[in-house]
Structures are given as C-alpha cells and as structure tokens.
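Biologist: Please take a close look at chain B for me, at how its parts are held against each other and against the neighbouring chain. I am in my first year, so a slow and connected account would help.

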Amino acid sequence: MASRATPDVNEAYIRYISSVSPKTKEKRSLFNAFLVGGFICVIGQFLRYMLMFLFNLEGDELAGTVSMILIFFGAFLTGLGVYDRIGKYAGGGSIVPITGFANSVVAPAMEFRSEGFIYGLAAKMFVIAGPIIVFGVISSVAVGIIYYVAGLL
Amino acid sequence: MGKHTAFFHNRPTIAATYSVAGKKEGDGPIGKVFDYVFEDEYFGEKTFEKAECKMLSTAINGGISSCGCGKSDIDAIVSGDLLNQIVSASFAARDYNIPYIGIYNACSTMSEGLAIAAALTDGGYMSRVAVATSSHFSTAERQYRYPLELGSVRPPQSQWTVTGAGCAIVSAGGKGPAITAATFGKVVDYGITDANNMGAAMAPAAMDTLITHFRETGRTPSYYDLIVTGDLGAFGSRVLKHITGENGYDISFNHVDCGEIIYNIDEDEYQGGSGAGCSAIVFNSYIYRKLKDREINRVLFLATGALLSTITTQQGESIPCISHAVAVENEAL
C-alpha cells in the first residue's frame with residue numbers, strides 16, 4: 001500500500017479536519033479590529049486638528065505631517081516591543097493604518113540586523129512591505145489612467 | 001523482525017538524559033523537571049542562532065556528565081534541529097572531537113535519533129552514543145513565519161515552537177530503561193496544506209507508525225503504560241485518538257502528547273508546543289524520570305515531524321509528515 005492516501009481518503013480526512021478545526025472568532029476579531037483601528041484614526045484626526053490650530057498647517061503639508069508623526073510612533077512602539085502586542089489583539093485594526101506599515105518595515109529591519117546592515121537590515125527591510133508598495137504603485141497608475149480617460153470624455 | 005520494526009535484543013539502555021529549556025517552558029506545568037532553565041532568550045549570546053547552538057551543547061555536556069563519563073567515552077553524536085542545513089547541531093558538534101551523525105526529520109528527530117543510536121549500540125558497533133535535538137522559538141519564527149515584532153495574529157489552530165534542547169546517552173548494556181524496539185515511519189501525506197495546522201497534518205503519520213508497530217509486534221495499546229507523541233498539540237492529539245480509534249486501536253486511555261502538556265495556555269500558544277526541542281525536553285526529563293522511578297515501565301515514544309519548508313508551502317504543496325517510534329522499557333523486577 002502506498003503511504004500517500006488515495007484521493008477519496010484525502011478528501012474525507014480534509015473534510016473531517018475542517019469540520020473539527022478550531023475556528024477564529026470572527027465577530028470578536030472584527031470588533032477588536034474596529035475598536036483599535038478606529039482609535040488610531042481618532043488619534044490621527046486629533047493630531048490633524050492640533051496641527052491645524054497650533055501651527056496653521058493645511059493641505060498637503062498638514063496631511064504629510066500627520067502621517068509622519070503616526071509613522072514615527074508606529075516605528076517607535078515596534079522598537080519598544082509594544083506594537084506586536086497591540087497587533088495580537090487588534091489584528092487588521094493595527095495592520096491597515098499607516099502605523100501598521102511602519103511596523104511592517106521596522107520589524108524585519110530589527111530581526112535581520114544580525115546579518116549585517118546591507119544584506120541583513122537594508123535588504124530585508126521591505127520583505128513584508130514590498131508587496132504593499134508594488135500593488136500600491138500599480139493601483140495608483142491604474143487610477144491615474146482612469147482619471148485621464150474620464151477627463152477626456 | 002517486522003518489515004518496519006527492529007527488535008533490539010541486547011538491551012541498549014538510556015543511561016542518562018539532560019534537558020535545557022527556556023523561561024516560558026520553565027514556567028509551564030512540567031517546568032520544574034527540566035535540568036536547566038535559562039531566563040534570557042539569547043542565553044548570553046549575540047544571536048538567537050548562537051543561543052540555540054549553545055543550548056544544544058549545554059544539553060550534550062549535561063548528558064555526558066550526568067552519565068558519569070567524559071567526552072572521550074562518547075563514540076558518536078547523533079543530532080539534528082529545525083534550522084536550514086541543521087546548523088545548530090553541526091555547529092554544536094564542531095566543539096567536540098567526536099564523530100557526528102547529523103540527522104533531520106523535523107520534529108521527529110529525537111525518536112529517529114534514539115532508534116539510530118539503539119541500532120548502533122545494540123549491534124555492538126559503538127558503546128555510547130549521545131542523541132540530542134533542539135529548537136528555539138525565535139530562530140524558528142524567523143525561518144518559518146514572520147519577524148518577532150510584526151503585529152500579526154496567530155490562528156487558533158497554531159502551536160508555539162519550544163525553546164529547548166534535550167540529550168539522551170544511549171549505552172550498550174548497563175542499567176536503566178532500555179530501547180527494546182523501533183518502528184521506522186513512512187512519509188505520510190493526507191493532503192493538509194495549512195502550515196498552521198501541524199497537528200492535523202501529522203496525526204495520520206503518527207497513526208500509520210502506531211498501527212504498523214502494533215501489527216508487527218503483536219502488541220496492543222494496553223501493552224504500554226504510556227504512548228507519548230511529540231508535538232501534535234491538543235487538537236492533533238484529539239484527531240489522532242479519533243482516527244486510530246476508527247482503525248480499531250483505542251489509545252485514549254494512555255496517550256499523552258509532549259506539546260499538549262508543556263505550556264500553560266495563557267497567551268497565544270493555542271494548541272501547545274511544537275518543534276524538535278519539544279519532545280526532546282519532555283521525554284528526556286518528565287517521561288525518563290517516570291521510567292527511572294518505575295512509576296511507569298513501558299513507554300512507546302513516537303515524535304512526529306512535518307517535512308515542509310517555507311518554499312513548498314508558498315508553492316501550495318501539501319505537508320508530508322513522518323513519525324518514528326521507539327519502545328522504551330524497564331527490565332522486569
């Protein structure tokens with residue numbers, strides 16, 4: 001008898017496993033993600049108002065400064081080893097905001113520091129953020145083309 | 001002799017064992033039985049890889065000294081770990097002037113090593129062989145998953161890689177629990193592709209080896225006081241009991257899984273421990289002591305391993321798994 005199970009045994013086993021496997025508690029995960037993600041956005045909005053009223057920033061300058069501050073705190077909390085704990089609780093809630101992007105760049109940079117600055121830290125810095133940048137650029141090009149074509153009509 | 005089972009007639013014994021564990025393991029339900037628990041996850045080294053290597057050599061040194069012999073009395077080191085090119089084992093062996101047999105069967109390496117050592121000593125080719133395996137949470141995470149500081153969520157079917165190393169000294173003749181038989185496992189793949197669900201992937205391999213062992217030895221599950229699997233975890237253990245039960249072998253009364261008993265599940269270890277170090281530290285401390293104290297006299301130890309790599313997982317391949325079994329028995333009084 002071959003040790004690789006026949007296809008129908010496979011299917012029966014896979015069906016059995018998926019019926020008894022522990023499942024992610026979706027409602028709770030969604031709620032936590034909403035709570036933490038929303039809170040990060042509230043902080044962003046708060047910063048925006050503060051910068052507006054205290055420093056009279058506006059437009060691109062304002063948006064850029066808010067992003068910069070959030071990125072700084074995302075990176076800082078990653079360095080302190082706090083962000084991954086937030087992530088365990090919040091899931092997508094702390095991955096989607098710009099702080100999550102900072103986390104995804106800083107975490108591998110820290111991890112691969114032991115393999116040197118160039119081939120370790122610098123080369124591995126974008127292993128997780130890389131796909132986000134690639135698809136971000138591609139979709140911005142696509143949106144640009146759609147805008148251009150819509151403008152011609 | 002069965003087709004897959006070797007019987008050892010000269011009673012190669014497990015003369016001594018030693019276990020080194022990390023803090024989380026030391027804080028677990030059986031943490032007190034480990035010979036050495038270290039607090040700092042770097043173990044005083046600069047990188048996690050070096051820490052794992054040091055852990056392994058600490059275990060080997062501990063095994064040798066608790067056996068009451070010196071390095072020169074050891075004829076070979078049979079060792080393996082989870083890292084690419086089994087670097088922890090090879091780098092640890094660099095510091096010994098002893099022949100080194102590097103082996104890899106993922107998390108089933110401990111029982112595989114015991115079977116090899118038993119064959120070498122039973123056959124009269126060697127008189128003392130050190131078997132050691134290790135795993136480290138932080139080296140395994142960076143090889144198999146994500147960076148430690150990344151804010152990702154572990155799924156509820158996942159397990160936590162054990163930080164620890166265990167060593168057993170197998171000796172020709174002498175006193176102590178003896179390895180009386182070994183059943184070498186086949187690679188079994190039931191088509192599970194979820195790399196987070198190791199328990200489900202490995203359970204069929206454990207079942208295959210178990211049933212082969214029972215058929216070829218003519219034994220039943222009740223022959224053993226304890227059937228010890230390596231790192232199926234809580235969920236995988238449930239699956240194993242279910243599928244072996246369906247095949248006519250009830251192991252629900254004497255089965256224990258090293259991964260299931262190693263942690264207090266209070267963070268996100270979920271189904272328990274895993275890794276080559278998991279079965280190594282539990283078998284070489286908790287189980288071995290119970291054998292030594294004759295609280296139990298017959299143990300079937302089968303560690304299970306998932307033979308995947310990150311590349312095969314990304315290519316959508318299913319997970320081939322394996323399990324080797326060794327029967328460890330006390331001499332009748």
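Modeller: A salt bridge here is a side-chain nitrogen of Lys or Arg within 4 Å of a carboxyl oxygen of Asp or Glu. Please keep in mind throughout that this is a predicted model.

With that term in hand, we can start inside chain B, which is divided into domain 1, residues 5-171, and domain 2, residues 178-329. The C-alpha centres of these two domains of chain B lie 17 Å apart, and the contact between them takes 58 residues from domain 1 and 61 residues from domain 2. Together the two domains of chain B bury about 4800 Å², and carbon and sulfur atoms give 60% of that area. On the side of domain 1, B:T5, B:C107 and B:Q159 supply 15% of the area buried against domain 2, more than any other three residues.

Between domain 1 and domain 2 of chain B the count is two salt bridges. B:R289 forms a salt bridge with B:D35, and the closest N and O atoms of this pair are 3.1 Å apart, a distance that lies within the 4 Å limit given above. Across the same interface of domain 1 and domain 2 of chain B, 27 residue pairs are found in polar contact, both residues being at pLDDT 80 or more.

Several elements of chain B give two or more residues to the side of domain 1 that touches domain 2, including the strands β1 (5-7) and β6 (128-135) and the helices α4 (109-122) and α5. The element that gives the most to this side is β2(B), with nine residues. By class, the side of domain 1 of chain B that touches domain 2 divides into 31 nonpolar, 19 polar and eight charged residues.

We can now turn outward, to the place where chain B meets chain A. Here 33 residues of chain B are in contact with 32 residues of chain A, and the two chains bury about 2600 Å² between them, 59% of it on carbon and sulfur atoms. In chain B, the residues that lose the most area to chain A are B:R142, B:E149 and B:Y190, which together make up 27% of what that side buries.

Between chain B and chain A the count is two salt bridges. In one salt bridge the side chains of B:R142 and A:E111 meet, at 3.7 Å from N to O. Seven residue pairs are in polar contact across the interface of chain B and chain A, again with both residues at pLDDT 80 or more. The elements of chain B that give two or more residues to the side touching chain A are α5 (137-144), α6 (198-217) and α7 (233-246). Among these, α7(B) provides the largest share, five residues. The side of chain B that touches chain A has 16 nonpolar, 10 polar and seven charged residues.

A search of the whole structure finds 13 salt bridges over all chains. The pair of B:R142 and A:E111 crosses between chains, from helix α5 of chain B to helix α6 (residues 98-111) of chain A.

Lastly, a word on cysteines. A disulfide is a covalent bond between the sulfur atoms of two cysteines. The structure holds zero disulfides over all chains. B:C67 is in no disulfide, although the nearest cysteine sulfur, that of B:C69, is 3.3 Å away. The pair does not count because a disulfide needs cysteine sulfur atoms within 2.5 Å.

Methods. Residues are numbered from 1 along each chain as its sequence is written. Chains are lettered from A and ligands numbered from 1 in the order in which they are written. This is a predicted model: local features need pLDDT of at least 70, side-chain atom pairs count only at pLDDT 80 or more; totals for chains, interfaces and linings use all residues. Side-chain values use heavy atoms; hydrogens and water are left out. Contact means heavy atoms within 4.5 Å. Buried area is the accessible area (1.4 Å probe) that two parts lose on being put together, summed over both. A polar contact is a pair of N or O atoms within 3.5 Å; within protein, one must be able to donate a hydrogen and the other to accept it, and residues adjacent in sequence count only if both atoms are side-chain atoms. Helices (H or I, at least four residues) and strands (E, at least two) are DSSP runs, numbered from the N terminus. Ala, Val, Leu, Ile, Met, Phe, Trp, Tyr, Cys and Pro count as nonpolar, Asp, Glu, Lys and Arg as charged, and the others, Gly among them, as polar. Domain bounds come from an automatic or database domain assignment.
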